[in-house]
Amino acid sequence: MSAATTGAAPEVPSGSLLRKIVWHWRYDEKRELWIGWWTLVVFYNLYGLLFFVIARTQPPPKPSLTAPEIVQWFHDRHYGLLYGYAIVSIVGGATAIMNATLAYTMRRMSVSRAFAYSYLVIYALATLPGMLIMGVACTVGAMRPDRNPALMSWLYDFAFLSFEGTMGVFLIGSLVWMVAVLLDRNRVFPKWFGYLNLCNALTEVVVAPAWIFKRGVFAWDGGIAWWTNMAVFVTYTTVFLTLLRKMILREDFGTGPLPELQSDHPPEPGTREAA
Amino acid sequence: MTTLASAEPYERAATGRKADGVRFVPGQPDMWVLVLFESLVFTTYFTVYVFRRTQSPDLFLQSQAHLNLRVGVFNTLVLLVSSWSVARCVQTAREGSFRTALNNAYLTMLFGFLFLVSKVLEWVTEIEQGFSFTTDEFFSFYYFLTAIHFLHLLIGFVFLGVAVYQIKSPARRSQELVETCATYWHTIDFLWVLIFALLYVMR
């Protein structure tokens with residue numbers, strides 16, 4: 001039961017955004033969930049900014065670059081890699097809050113806690129190859145660009161193959177979430193989101209050829225292995241952020257089915273609620 | 001209540017509408033989201049394939065000639081028959097003939113398994129002839145598209161298992177779930193027909 005509805009908390013103030021934030025910080029019983037949700041939103045935006053704009057390691061460069069081209073690649077991104085991955089190292093820990101928020105959705109379902117635990121463990125592992133190892137490898141390359149070109153090539157391959165290595169983690173993570181959503185009786189998420197998890201999991205599989213090919217659509221920068229996968233992943237992420245927000249709004253901290261939002265099911269005209 | 005519940009499938013099968021007159025899609029509407037997304041993703045694969053083919057038409061034609069069209073036709077027929085049997089499964093379940101529905105679900109599994117075996121034998125034959133995943137761009141697409149479809153088909157067995165589980169016990173028998181599973185199976189059949197047309201037939 002909300003503190004606000006029991007009369008223990010004052011009304012939500014109208015007017016400045018700052019006053020509203022202060023109110024939510026002091027009285028909103030869903031405060032921790034909203035912190036988790038906003039961490040997700042800020043992190044994904046920051047992730048895009050750091051990887052795509054500052055470090056410029058995404059979209060990924062060609063795996064077929066020669067050693068001199070790789071040295072030049074590191075040279076061109078010298079400051080972007082150093083500053084970009086320095087910030088990545090600082091914000092990397094935010095993934096703990098994000099994963100905990102997502103695992104919370106599974107704890108709220110009617111399914112076994114094993115789903116939430118396995119999701120937490122597997123996505124904690126994803127942070128290593130997908131962010132930190134890649135970041136360290138790129139930073140090592142950028143820090144001393146006068147190294148032997150053969151070593152620079154090694155760092156380059158290591159960084160991008162490490163990034164690709166998250167595919168298995170996302171594959172299993174999506175399947176865990178899918179099964180949880182499909183088995184859940186508390187209606188935490190709609191069933192179609194369970195099926196969307198399956199779609200996301202299957203597009204993780206198509207990244208696998210990136211370990212074999214240096215050129216073409218199946219290479220790590222290819223139309224299928226990267227662009228299609230990224231398009232599905234962005235769609236999937238946008239969808240789950242939207243559904244997660246809705247889930248937090250619906251959360252009643254009970255153990256049974258989540259209530260629907262009033263706005264989704266307006267009362268019938270003529271009923272007491274409508275009046 | 002029992003009468004209503006058992007009468008509804010007949011109503012739906014005959015008119016395409018629920019008892020209250022509202023139109024319905026077969027199975028959970030949620031499954032149709034997966035159908036839409038998977039169709040979009042495969043459309044991307046097909047578009048990339050066709051584009052790459054226009055860049056090297058001779059290479060694609062030469063490599064395509066090494067595929068066995070008869071095996072492709074056989075696989076297509078097997079999957080089409082499996083789609084027919086899963087449709088029969090849905091229809092007979094709607095009519096309350098659960099024994100026949102169960103047999104049709106098993107028949108679908110059998111044809112699906114036949115497809116898998118045939119596909120593996122085809123891959124082995126191609127590899128023995130020296131055409132592997134990395135031989136050239138056509139064969140990369142060939143193995144990629146057939147393998148990703150193969151994976152979808154394996155998942156289809158899970159859905160068929162759910163349908164069998166539902167039909168087996170009078171305590172369950174959710175017509176909606178049976179239709180949901182059949183919708184997935186039809187989707188992988190539909191995708192195979194497109195893959196067959198693009199890889200084996202298109203010149």
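Modeller: Two residues are in contact if their C-beta atoms, placed from the backbone, lie within 7 Å. Please keep in mind throughout that this is a predicted model.

Biologist: With that rule, which residues does A:Ile133 touch, not counting residues up to four places away in sequence?

Modeller: A:Ile133, which lies in helix 6 (residues 113-143) of chain A, touches A:Leu128 and A:Ser162 once those sequence neighbours are set aside. Separation in sequence and separation in space are two separate readings: A:Ile133 and A:Ser263 are 130 residues apart in sequence, and their C-alpha atoms are 45 Å apart in space. In chain B, the C-alpha atoms of B:Thr180 and B:Val90 are separated by 9.7 Å, although these positions lie 90 residues apart along the chain.

Biologist: Do A:Ile133 and B:Thr180 count as buried or partly exposed?

Modeller: A residue is buried if 20 or more other C-beta atoms lie within 10 Å of its own, and exposed if 12 or fewer do. A:Ile133 counts as partly exposed because it has 18 C-beta neighbours inside 10 Å, whereas B:Thr180 has 24 and therefore counts as buried. B:Thr180 is found in helix 7 of chain B, and, leaving aside neighbours within four places in sequence, B:Thr180 is in contact with B:Gly27, B:Gln28 and B:Met31.

Biologist: How many Å should the 31 residues of helix 5 of chain B span?

Modeller: At 1.5 Å a residue, helix 5 (residues 98-128) of chain B should span 45 Å, and its end C-alpha atoms are indeed 45 Å apart, so the two values agree. For the 15 residues of helix 9 (residues 191-205) of chain A, the expected span is 21 Å and the end C-alpha atoms are 22 Å apart, which again agrees.

Biologist: Which parts of chain B do the buried residues of helix 5 pack against?

Modeller: An α-helix has 3.6 residues a turn, so residues three or four places apart point the same way. The buried residues of helix 5 of chain B include B:Ala101, B:Asn104, B:Ala105, B:Thr108 and B:Phe115, and the buried residues of this helix pack against helix 4 (69-94), helix 6 (137-168) and helix 7 (175-201) of chain B. Helix 9 of chain A is mostly covered, with 13 of its 15 residues buried.

Biologist: Which residues have the most contacts inside the largest nonpolar core?

Modeller: In soluble globular proteins, nonpolar side chains tend to be buried together. Here the largest nonpolar core has 101 residues, and those with the most contacts inside it are A:Cys199, A:Ala225, B:Cys89 and B:Ala163. Helix 6 of chain B gives the most to this core, with 13 residues. Beyond four places in sequence, A:Cys199 is in contact with A:Val232, B:Leu34, B:Phe37, B:Glu38 and B:Val41.

Biologist: How many residues does the contact take from chain B and from chain A?

Modeller: The contact takes 19 residues from chain B and 20 residues from chain A. On the side of chain B that touches chain A, helix 2 of chain B gives the most, with eleven residues, and the residues of that side divide into eleven nonpolar, four polar and four charged.

Biologist: Where in chain A does pLDDT stay under 50?

Modeller: Where pLDDT is low, the predicted coordinates should not be read in detail. The mean pLDDT of chain A is 89, and 93% of its residues reach 70 or more, but pLDDT stays under 50 over residues 1-6 of chain A and over residues 270-275 of chain A.

Terms used:
Residues are numbered from 1 along each chain as its sequence is written. Chains are lettered from A and ligands numbered from 1 in the order in which they are written. This is a predicted model: local features need pLDDT of at least 70, side-chain atom pairs count only at pLDDT 80 or more; totals for chains, interfaces and linings use all residues. Helices (H or I, at least four residues) and strands (E, at least two) are DSSP runs, numbered from the N terminus. The expected span of a helix is 1.5 Å times one less than its number of residues. Ala, Val, Leu, Ile, Met, Phe, Trp, Tyr, Cys and Pro count as nonpolar, Asp, Glu, Lys and Arg as charged, and the others, Gly among them, as polar. A nonpolar core is a set of buried Ala, Val, Leu, Ile, Met, Phe, Trp, Tyr and Cys residues joined through C-beta atoms within 7 Å. pLDDT is the predictor's confidence in each residue, from 0 to 100.
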